[in-house]
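Opening the notebook on this one. I want to look at a pocket, a hairpin and a helix pair, in that order.

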Amino acid sequence: VPTNITFVNGQYYAKIKSRSNSFYTVIYNHKEFKDVEKHWAKSYVNEMASKMIISGVSESIFEPDRNITRAEFATIITKALGLRYEKIINPFSDLEEEEWYYQTVQTAYRYGLIKGYEDGSFQPNRNITREEAMVIFAKAMGKADLNIDISEEYRTKELSKFQDNKAISNWATDAVNFNILYGI
């Protein structure tokens, strides 16, 4: 579950954030990937791997510049929020129970973080678009009780700074603004 470790007066403290009442164990899981050593995301990647939110393509390789799938992104978000899996009726025609992402995709759907397509599919192995990722991220931050209300003035002013602002889909506009507002 999301945990913040602080060091105060020579002592470590763990602040655990959970949506359920459970037993927890604090572990030390330092992780570093060789291929992010000179990458701009080094500290983020290694921190999320140490928190078991993400994993690499191998024990020592992450591949930070490769595309990410919709299933991978849903998995990262559910792990980052510490959302617990509860079996639901499978909402997607292409979500198979034996797949590694089955539970995390179901969990993301149950918490309203993801949607499928009009044909009833989720397309878990399709690369996620920036718009889709921003929508999911905005929903996740709403679940984390971050204020996601954005004024109309801010919407117009901020988006006009980007040359491709007219290419943003209507369904993603609020989420894009939210991501800009929080420097994401």
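**Second largest pocket**

I started with the second largest pocket, which has 13 lining residues; Lys115, Glu132, Val135, Lys139 and Trp171 are the ones nearest its centre. Worth keeping in mind from here on: this is a predicted model. I looked up the volume of the second largest pocket and got about 310 Å³.

Which helix gives the largest share of the lining? I found that helix α4 (residues 130-143) does, with four residues. Then I sorted the lining by class: eight residues are nonpolar, four are charged and one is polar.

**Hairpin**

Next I went to the N-terminal numbering and checked strand β1 (residues 3-8) against strand β2 (residues 11-16). The two strands run antiparallel, and I noted six bridges joining them. To fix the register, I looked for the partner of Thr3 and found Ile16 of β2 opposite.

What links the two strands? β1 and β2 make a hairpin, with two residues between them. I checked the turn as well: Asn9 sits there with a positive phi, about 50 degrees.

**Helix pair**

Last entry: helix α2 (residues 70-81) on helix α3 (residues 102-110). For any two packed helices, I want the angle between the axes and the distance between them. Here α2 and α3 pack at about 70 degrees, and their axes are 8 Å apart. That angle falls in the 65 to 115 range, so I put α2 down as roughly perpendicular to α3. I also looked up the handedness: α2 passes α3 in a left-handed crossing.

Technical notes:
Residues numbered from 1 in each chain as written. Predicted model: local features only at pLDDT ≥ 70, side-chain atom pairs only at ≥ 80, totals over all residues. Heavy atoms only, no water. 1 Å grid on protein atoms, 1.4 Å probe; cavity = no way out; pocket = protein on both sides within 12 Å on 5 of 7 lines; lining within 4 Å. Points joined across faces, edges and corners; volume = space filled by probe spheres on them. Nonpolar A, V, L, I, M, F, W, Y, C, P; charged D, E, K, R; others polar. Pairing = 2+ DSSP bridges. Axes fitted to C-alpha atoms, helices over the stretch in contact; angles between N-to-C directions. Parallel < 35°, antiparallel > 145°, perpendicular 65-115°, else oblique. Left-handed = near helix turned anticlockwise from the far one by under 90°.
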